[in-house]
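Please find below some comments on the enclosed model, set out as numbered points. They concern its internal cavities and the surroundings of its ligand.

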Amino acid sequence: MSRKLHEKEIKTGVTRRTFLKGCAMAAAALGLSDEVVPRLVEAATSPQRPPVVWLHFQECTGCTEALLRASHPDIGSLILDIISLDYHETVMAAAGHQAEEILSNTIEKYKGKFICVAEGAVPTRDGGIYCKIGGRTALEIIKDVAPKAAAVIAIGTCASFGGVQAASPNPTGAKGIGDVLGKSVINIPGCPPNPIAFLGTVLHLLTFKRPPEIDALGRPLFAYGRRNHDQCERRAHFDEGRFVEQFGDENHKKGYCLYKVGCKGPVTFANCPAVRFNDVSTWPVGAGHGCIGCTEPDFWDTCSPFYEHLPGVKMPGSGIVTDADTLGKKILGITAVAAGIHAAVGIGKNLLKGGQNKSK
Ligand code: FSX
Ligand code: SF4
Ligand code: F3S
């Protein structure tokens, strides 16, 4: 293993330390013990790496930015080292006809073996004319590419559930990838999602040849199995009824709970407080802003106004600790979200067989 890693270091510039640290972080996020780290490393250093076709539709490209600009340890490099990014409109050098040729060649050559990552929603109104790439609609492209893939990962809330494009009145008929395909895909929501959720999912696929367990919304439970509220460092303030009344007040400076100024942590399933983001190691609530529920379907509609607290809640301090569970289920319609639902996501048998050689 160490020789492999040494060779990798020479070829890619990803240091052994960074590589191991990234795998250890992914293992921790996956809820796996340290003993499993060597298995993750083994899978990640396999000479065959899975070809990935990364499609862009209606979105802001923030998901790609968050992934590839992720820092300490260099998660972006790690991801690029583990997968073979054969087609990605943001980072590929090719353009125009050459790019389209790469796409069609890749999906034919690696039929049933590549991973399709879709970023962005797909407009369905008026024949899907509101998003076109290389002369084809997003609708045509996803229906052409996804069925040929071994696994489909929808990255970001737009691809998972429609995102901002699908917000009322949804003028383009935007939908998430699973909805458009009429089948379950692996959803990694967040606007943008945490890179560790993606890295953990890919490492799980490579190591165990199956996706991680998912919830009823297709989200891996390791990253989306608990509410932000239940992991939040301000939770004691919530329970004791100590709230920020308005941004910039004394309570805000003291780090009190942001519920009254709109925090939707009680109805948001994610691991932001535990995993945090990048070098600064913070998350929205840590930085003094409420969670706006960006990993939830339709959060632009159901979680707004973003600076008003959830309606009809008796505040702690008046003697009642809010039953945020019941409230969350009512507001977001997520009654089916429960731990232990096993993945119903189809994964091609050939995944990772005949992938590209790393030394290439
Ligand atoms: Fe959507 Fe991704 Fe939000 Fe943007 O591309 S999830 S708009 S941060 O980044 O798709
Ligand atoms: Fe944290 Fe928000 Fe819950 Fe308050 S309401 S404890 S700030 S997640
Ligand atoms: Fe999104 Fe809330 Fe995390 S807004 S980034 S789920 S804290």
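1. Five cavities of 30 Å³ or more are present in the structure, which is a predicted model. The largest cavity encloses about 110 Å³ of space. Its lining comprises 14 residues, of which His229, Cys232, Cys257, Leu258 and Cys263 are the closest to the centre. By class, nine residues of this lining are nonpolar, three are polar and two are charged.

2. The second largest cavity has a volume of about 60 Å³. Its lining includes Pro189, Gly190, Pro192, Pro193 and Asn194, together with Tyr224, Ala270, Asn271, Cys272, Phe277, Cys294 and Thr295. Eight of these residues are nonpolar and four are polar, with no charged residue in the lining. Because domain 1 (2–212) and domain 2 (228–348) both contribute lining residues, this cavity lies between them.

3. Ligand 1 is surrounded by residues that include Glu59, Cys60, Thr61, Gly62, Cys63, Glu119, Gly190, Cys191 and Pro192; Gly156, Thr157 and Cys158 also belong to the shell. Five shell residues are nonpolar, five are polar and two are charged.

4. Helix 4 (62–68) and helix 8 (156–161) each provide at least two residues of the shell around ligand 1. Helix 8 supplies the largest share, three residues.

5. Which atoms of the protein lie 2.8 Å from an oxygen atom of ligand 1? One is an N or O atom in the side chain of glutamate 59, and another is a backbone N or O atom of cysteine 63. In addition, a polar side-chain atom of glutamate 119 lies 2.6 Å from an oxygen atom of ligand 1.

Conventions. Residues numbered from 1 in each chain as written. Chains lettered and ligands numbered in written order. Predicted model: local features only at pLDDT ≥ 70, side-chain atom pairs only at ≥ 80, totals over all residues. Heavy atoms only, no water. Near = heavy atom within 4 Å. Polar contact = N/O pair within 3.5 Å; in protein donor to acceptor, adjacent residues only side chain to side chain. Helix = DSSP H or I, 4+ residues; strand = E, 2+ residues; numbered from the N terminus. Nonpolar A, V, L, I, M, F, W, Y, C, P; charged D, E, K, R; others polar. 1 Å grid on protein atoms, 1.4 Å probe; cavity = no way out; pocket = protein on both sides within 12 Å on 5 of 7 lines; lining within 4 Å. Points joined across faces, edges and corners; volume = space filled by probe spheres on them. Domains from an automatic or database assignment.
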